[in-house]
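Q: Could you take a close look at one buried spot in this model for me, and then connect it to the rest of the fold? I'm at the bench, so plain words are welcome.

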Amino acid sequence: MTVLDVGTGSGILAIWSAQAGARKVYAVEATTMADHARALVKANGLEDIVEVIQGSVEDISLPEKVDVIISEWMGYFLLRESMFDSVISARDRWLKPTGVMYPSHARMWLAPIKSTLSDRKKNDLDGAMADWDNFSDEIKSYYGVDMSVLTKPFAQEQEKHYIQTAVWNDLNPLQVIGTPTLVKEMDCLTATVSEIEEVRSNVTSVINGHTTLCGFGGWFDVQFRTVLDVGTGSGILAIWSAQAGARKVYAVEATTMADHARALVKANGLEDVVEVIQGSVEDISLPEKVDVIISEWMGYFLLRESMFDSVISARDRWLKPTGVMYPSHARMWLAPIKSTLSDRKKNDLDGAMADWDNFSDEIKSYYGVDMSVLTKPFAQEQEKHYIQTAVWNDLNPLQVIGTPTLVKEMDCLTATVSEIEEVRSNVTSVINGHTTLCGFGGWFDVQFRQDIELTTAPSERHCTHWGQQVFIMSNPINVEEGDNLNLGLVMSRSKENHRLMEVELSCEIKEASGNPKESFKKTYFIE
């Protein structure tokens with residue numbers, strides 16, 4: 001992701017962008033503050049990512065168009081300083097057609113207030129005029145010069161200074177005595193210079209009690225896009241989106257967890273931003289298309305649960321053409337492993353069959369019923385349970401005995417249901433030492449645009465709730481360093497339950513010399 005920071009100042013937003021994973025950040029600053037920005041970038045070791053450019057954004061040239069424009073362009077009551085002109089120029093020259101802007105929307109508000117400032121400022125004005133009268137009288141008395149011709153312009157000047165000039169203030173909400181009114185709203189992606197050169201508005205505010213109208217307070221807010229959270233669950237991602245500045249978040253949940261999500265949203269005072277909608281995302285309706293779709297849709301080995309179907313439906317129905325998805329990309333990995341699970345599961349299977357044999361013998365001895373006709377289906381059922389069903393595990397990286405292989409990669413913006421209904425892959429892994437092949441570990445990672453990644457790979461430091469899915473072998477195989485494992489994987493949805501997966505895994509082992517060593521084909525289930 002590439003970023004343009006307009007009016008970077010000290011460079012802090014550019015630095016944060018780099019720390020968040022941007023590939024390149026162009027930080028433009030018209031003043032000599034650019035020198036300080038360079039120093040700060042260098043002190044944080046980010047010179048390779050953040051390029052500080054001194055000059056006006058209207059005049060500078062960049063080597064490429066950017067994915068994101070950021071800027072702290074807002075002045076008092078939003079538009080004082082008029083720096084947004086430069087942001088518009090940067091947008092029109094350098095933002096990609098699919099690019100985004102932060103902030104994405106801005107609003108100006110006005111409300112009637114009560115304040116002691118009125119009395120204080122009136123007293124200051126009266127004091128200034130009294131001082132003028134004394135000064136004027138003294139000049140006339142001592143020097144015979146009549147100053148009265150200047151009284152009116154002096155009074156106008158003082159009126160402007162004390163009464164007509166807006167005052168910075170930190171208002172308490174209790175000082176607002178009527179409904180705040182929206183006087184201007186704009187989308188930063190489409191706003192023009194002409195619409196901010198003069199702002200006109202006619203609005204109505206209703207007074208909320210017996211009080212004194214002392215003036216009006218004006219403020220602004222900026223928003224960071226509209227968000228759809230697919231399968232919100234408890235609502236935590238929707239809440240984080242609101243806290244990060246989203247203008248509106250639609251949190252969709254098919255189950256009664258929606259009630260808990262509403263309670264959590266309300267407890268955090270975000271009902272005005274987060275709207276929890278109970279229903280399947282395929283059936284619900286939204287009042288607008290969204291800028292961002294977020295979803296924690298990933299299941300074991302990425303695709304168990306098949307919830308990504310709903311995300312695709314939401315994307316095709318509700319995402320703007322310029323919208324983004326988080327996560328944006330996903331990958332599935334498979335690697336050969338060593339594990340004591342093989343022995344344990346084999347012992348469990350042997351124990352279950354021994355119990356069956358004892359049970360079968362007792363039934364025949366005591367009741368004269370021959371159970372042997374059920375031995376084969378029972379053995380198949382136990383084989384599926386103990387050996388063929390993938391096992392959740394927290395693998396240590398040292399258990400991975402060959403190169404991890406990428407078996408599936410997808411872009412969430414373009415992925416289709418058909419390409420995840422059945423995943424096919426043929427890959428090769430090279431064994432990294434003399435060891436025993438006990439099975440295979442499967443995991444996934446997801447990316448958020450560029451370099452921000454959530455991985456469920458084996459780790460010594462952490463384990464996610466997804467862990468890894470382990471496909472164990474009942475009969476481990478000795479392998480040597482340099483042995484090649486040619487792997488074939490076909491993963492498809494269970495015919496009985498589309499949320500579960502069936503995996504067909506074939507493996508051809510060859511020595512480093514190319515001589516065939518062993519081959520096998522097994523069926524597994526992710527349940």
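A: S360 sits in helix 10, which covers residues 341–367. Please keep in mind that this is a predicted model. The relative accessible area of S360 is 10%, so this serine counts as buried; the cut-off for that label is under 20%. What does S360 touch once its neighbours within four places in sequence are set aside? The contacts are M371 and S372. The second of these partners, S372, is 12 residues away from S360 in sequence, and the C-alpha atoms of the two serines are 7.1 Å apart in space.

From there, let's move to helix 9, residues 308–318, where 9 of the 11 residues are buried. The buried ones are F308, D309, S310, V311, I312, S313, A314, R315 and W318. Their cover includes several strands, among them strand 9 (226–230), strand 12 (290–294) and strand 13 (319–326). Strand 16 (405–411), helix 12 (418–421) and strand 21 (484–493) are also included in that cover.

The loop between strand 12 and helix 9 is worth a pause, as it holds both F301 and L302. Most residues other than glycine have a negative phi. F301, though not a glycine, has a positive phi of about 50°, and L302, also not a glycine, has a positive phi of about 75°. F301 counts as buried because its relative accessibility is 3%. L302 has a relative accessible area of 1%, so L302 is buried too.

Strand 12 brings us to a charged pair. The side chains of D291 and R225 form a salt bridge, with 3.8 Å from N to O. This pair ties together distant parts of the chain: D291 is in strand 12, R225 is in the loop between strand 8 (215–223) and strand 9, and 66 residues separate them. Are D291 and R225 buried or exposed? Both are buried. The pair also belongs to a salt-bridge network that links R225, D291 and K320.

R225 turns up again in the surroundings of K248, a residue of strand 10 (residues 248–253). With neighbours within four places in sequence left aside, K248 is in contact with R225, T226, V227, D272, V273, E275 and E288. K248 counts as buried because its relative accessibility is 17%.

Now for helix 3, residues 84–94, which is mostly covered, with 8 of its 11 residues buried. Those residues are F84, S86, V87, I88, S89, A90, R91 and W94. They pack against strand 1 (2–6), strand 4, strand 5 (95–102), strand 7 (181–187) and helix 6 (194–197).

Two of those strands are joined by a charged pair as well. The side chains of K96 and D67 meet in a salt bridge of 3.0 Å, N to O. K96 is in strand 5 and D67 is in strand 4, so to speak two distant parts of the chain, 29 residues apart. K96 has 29% relative accessibility and therefore counts as partly exposed, while D67, at 12%, counts as buried.

For another kind of pairing, look at helix 4 (residues 117–143), where K122 and D126 lie 4 residues apart, about one turn of the helix. Their side chains form a salt bridge of 3.1 Å, N to O. K122 is partly exposed because its relative accessibility is 42%, and D126, with a relative accessible area of 37%, is partly exposed as well. Across the whole structure, the search finds 27 salt bridges.

The backbone has two cis peptide bonds to point out. One joins Y102 and P103, with omega at about 0°, and P103 is in the loop between strand 5 and strand 6 (105–113). Another joins Y326 and P327, again with omega at about 0°; P327 is in the loop between strand 13 and strand 14 (329–337).

Finally, the surface. E58, D59, D85 and E197 form a negative patch there. D59, one of them, is in the loop between strand 3 (50–54) and strand 4 (66–70), and counts as exposed because its relative accessibility is 64%. There is a nonpolar surface patch too, made of I12, W16 and L40, which together have about 270 Å² of accessible area. W16 belongs to helix 1, residues 12–19.

Note on methods. Residues are numbered from 1 along each chain as its sequence is written. This is a predicted model: local features need pLDDT of at least 70, side-chain atom pairs count only at pLDDT 80 or more; totals for chains, interfaces and linings use all residues. Side-chain values use heavy atoms; hydrogens and water are left out. Patches are made of residues with over 30% relative accessible area and no salt bridge: like charges are joined within 9 Å, nonpolar side chains (Val, Leu, Ile, Met, Phe, Trp, Tyr) within 5 Å. Accessible areas come from the Shrake-Rupley method with a 1.4 Å probe; for residues, only the protein chains shown count as cover. A salt bridge is a side-chain nitrogen of Lys or Arg within 4 Å of a carboxyl oxygen of Asp or Glu. Lys and Arg count as positive and Asp and Glu as negative; His and the chain ends are not counted. The place of a charge is taken as NZ of Lys, CZ of Arg, CG of Asp or CD of Glu. Buried means under 20% relative accessible area, exposed over 50%, partly exposed in between (1.4 Å probe, protein chains only). Contact means heavy atoms within 4.5 Å.
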